[in-house]
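Thank you all for coming; I would like to walk you through one structure this morning. Please have the sequence and the model open as I speak.

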Amino acid sequence: MPQPIITLTTDFGDDSPYVAAMKGVVLAINPEARLIDLSHQIPPQDLRHAAFFLASAVPYFPTGVIHVIVVDPGVGTERALLAVEVAGHRMLVPDNGCWTLLASEASGPPSVRRLAEPRYWRQSVSATFHGRDILAPAAAHLSLGVPFDALGPAATVWVRLETCPPDLANGCLRGEVVFVDHFGNLVSNIPADAFLALADRPVRITVGEREVPRRVRTYADAEPGRVVALIGSAQRLEIAVTQGSAAQRLQAGVGTPIVVTVCS
Amino acid sequence: MPQPIITLTTDFGDDSPYVAAMKGVVLAINPEARLIDLSHQIPPQDLRHAAFFLASAVPYFPTGVIHVIVVDPGVGTERALLAVEVAGHRMLVPDNGCWTLLASEASGPPSVRRLAEPRYWRQSVSATFHGRDILAPAAAHLSLGVPFDALGPAATVWVRLETCPPDLANGCLRGEVVFVDHFGNLVSNIPADAFLALADRPVRITVGEREVPRRVRTYADAEPGRVVALIGSAQRLEIAVTQGSAAQRLQAGVGTPIVVTVCS
Amino acid sequence: MPQPIITLTTDFGDDSPYVAAMKGVVLAINPEARLIDLSHQIPPQDLRHAAFFLASAVPYFPTGVIHVIVVDPGVGTERALLAVEVAGHRMLVPDNGCWTLLASEASGPPSVRRLAEPRYWRQSVSATFHGRDILAPAAAHLSLGVPFDALGPAATVWVRLETCPPDLANGCLRGEVVFVDHFGNLVSNIPADAFLALADRPVRITVGEREVPRRVRTYADAEPGRVVALIGSAQRLEIAVTQGSAAQRLQAGVGTPIVVTVCS
């Protein structure tokens, strides 16, 4: 049997000792656990970024992997901490909705427990760092074979992150930018199939006030510096600048409207 | 027996090949070693940041883990390289004091060796990269079972990082910011117990010239944007801005005075 | 036998989900693979940076390790994807030359295959993310024991990154900055031996228009703030500022000329 795998996703950055402390806590409980960093550069307390990140990353992992997510603006308040299983992917996560986009794209309902068994926590729990004091030790115990259901009682309500699906009316598909990647590519909430259903006809694509002049299959299909629209690797409509940053060029970011209009 | 674990903490950043070279050197000597990144974003040559980082991270690890630390402004000079054991935590580290804060908070004295056995180094040692040429291979050999004491002779003197403990006089507790985390939280050198001994009475807390208007248990106990004081996860007095950066708001950083005064 | 090791080097940054998705893909195919991050901060699409990075890091690893490199401005076009073996180091890499500097410094010719066996890819291959859809799964299959030669047919031509070797004429050695590290040190393309062959006589060293006043053995041999020349850990002439950034101080970067002139 392979060694159990625990991944870490946080907004702690790479210069603070918080991630390192969590790794220490996991290994002190289960020295065999294999730790994998997903990201520690989720923008501070940005739940939408975290939601898109998880939905775009977790499904590629094999089931059984334990994912610890610490983006937790409500730490220390009455917000719950959850153990969630979605399509075999296990997550330990604050109850702030950052996992519900992933769940909404999965087949089958999630299984959700509210962490309530202090025997799986650090003995002393701070008011400001539940990632170290509750989530990391719970993950380590889970990796040792503690049953998922032993972590706490079933939860039936939880926070859902509101997402704004794209809207189709009168041959006009209105969506928005939901993620800006490291290259400045603008990922929209418009699924490939919704776009392609329109785009066998000539369409006009706008980002904010700016029109996207060209549609391509991949970034390098246009000359450097051209603004292009394409279906990205997340199977969504994406706006890019070949060898450049669409976010900078178009002064666009999360929430900027993207509209696809059938030319009449 | 679990595979030996070697952690890496450096100020090398993530775009340079230096960390990767160290990982290669370790694995070439012990392919079974498990490498764990603690941080490569210690600010360049910032020994105080490194000291706080280590004191806040290393104690959470199980004993037996080998920690390699490369923040080394004196590389290539006559400064020694050390193997240090503090409460079972093993560190390979330049003799610049970045580990002595950790040691001062541990029970029991450290065991210290001066690295002096070239058979555990790379054959060719550069003048500018002892992390790759001495510390990484020494860690790899240690992980293979080379005895700690074989790395070199016992050292009895080493550089200590001067720390400035908080001062209590006339009901006034004077400390300073010793760490600014990724969120802009200001961590002070005032221990929770020293603060709490005063703070059962009404107290006034100032950061530089600015007064902190409110004391809370956790960040989210105040509205977004409020400046608050709280006991942080390192069990020290900490100044924060709910969902914001106290460092930016208060124009404060490492060394900014923090004063707690009992109101009379 | 130790578990197979797969390293990852990309320009994806640490806030995007792309690296995490690649890790998931590898582990879904081979849960025993040990993943090691080399860097995800290669500047976007900067092949020269990637080339220097790989040449400075990969040779330190034991042979047999599989290195996946995703700096891929041509993703989705007709550019090939390659499996390369150089002196026992295995790389999966787009055919853009980022590995040829490493190969040019190795003894013996590379063995190169063009990835052409979709059975070792993800079932659905996007036009914009071959790191996830082709390179990561190919690496995972390789780590499971698939023979190198099974990945595709031998390649006999590939893209080579042009490098500009330093030029020696009339006692004047003309090179340039090829890498700027995290500390702002300027690494040149002038090898130690070429420099040392001249530098037993008095020499004048310039970076752009600025003269370097002092030559040292290691950074700390000069007072803080001094501009110095030294032989760096890559065995090349390097320009540094003690406890400072030569890149900032000298307003220099990749491509800035470095000239060594024998004083007459």
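**The sheet of chain C and its helices**

Let me begin in chain C, where strand β1, residues 5-10, is joined by five bridges to β2, and these two strands run parallel. Within that pairing, C:I5 stands opposite C:R34, which belongs to β2(C). I should say at once that this is a predicted model; the predictor gives the complex an ipTM of 0.96 and a pTM of 0.96, and for chain A the mean pLDDT is 94, with 100% of its residues at 70 or more.

Stepping back from the pair, we find an open sheet of six strands in chain C, with mixed pairing and the order β2-β1-β3-β5-β4-β6. Its edge strands are β2, residues 34-39, and β6, residues 111-114, each of which pairs on one side only, and from one strand to the next the twist averages 20°.

Which helices, then, lie on this part of chain C? From chain B comes helix α1, residues 18-29, which lies across β1 and β2 of chain C and runs at about 145° to β2(C). Chain C also contributes its own helix α1, residues 18-29, which packs on the sheet and touches β1, β2 and β3 (66-70) of chain C, its direction making about 160° with that of β1(C).

**The interfaces**

Turning to how the chains meet, 35 residues of chain C are in contact with 33 residues of chain A, and the area buried between these two chains is about 2,800 Å², of which carbon and sulfur atoms give 59%. On the chain C side, the residues that lose the most area to chain A are C:D15, C:P17 and C:T128, together 20% of what that side buries.

For chain A and chain B, 35 residues of chain A are in contact with 33 residues of chain B, and the two chains bury about 2,800 Å² between them, with 59% of it on carbon and sulfur atoms. In chain A, A:D15, A:P17 and A:T128 lose the most area to chain B, and together they make up 20% of what that side buries.

**A buried helix in chain A**

Is helix α2 of chain A enclosed or open? Of the 11 residues in this helix, residues 47-57, 10 are buried, so the helix is largely enclosed by the rest of the structure. The buried residues include A:L47, A:H49, A:F52, A:F53 and A:L54. At the start of α2(A), a side-chain oxygen of A:D46 reaches to within 3.3 Å of the backbone nitrogen of A:R48.

**Two individual residues**

I will finish with two positions, beginning with B:L198, which sits in helix α5 of chain B, residues 192-198. B:L198 has a relative accessible area of 7%, and it counts as buried because that value is under 20%. Beyond the residues up to four places away in sequence, B:L198 touches B:L168, B:G171, B:L173, B:V203, B:V260 and B:V262. One of these, B:L173, is 25 residues away along the chain, and its C-alpha atom is separated from that of B:L198 by 8.5 Å.

The second position is C:T100, found in helix α3 of chain C, residues 100-104, and buried with a relative accessible area of 10%. What does the side chain of C:T100 approach? A polar atom of that side chain lies 2.9 Å from the backbone oxygen of C:G97. Leaving aside neighbours within four places in sequence, C:T100 is in contact with C:W158, C:V159, C:R160 and C:L161.

Definitions and conventions
Residues numbered from 1 in each chain as written. Chains lettered and ligands numbered in written order. Predicted model: local features only at pLDDT ≥ 70, side-chain atom pairs only at ≥ 80, totals over all residues. Heavy atoms only, no water. Buried < 20%, exposed > 50% of the residue type's maximum accessible area, 1.4 Å probe, protein only. Helix = DSSP H or I, 4+ residues; strand = E, 2+ residues; numbered from the N terminus. Polar contact = N/O pair within 3.5 Å; in protein donor to acceptor, adjacent residues only side chain to side chain. pLDDT = per-residue confidence, 0-100. Pairing = 2+ DSSP bridges. Axes fitted to C-alpha atoms, helices over the stretch in contact; angles between N-to-C directions. Contact = heavy atoms within 4.5 Å. Buried area = accessible area lost by both parts, 1.4 Å probe.
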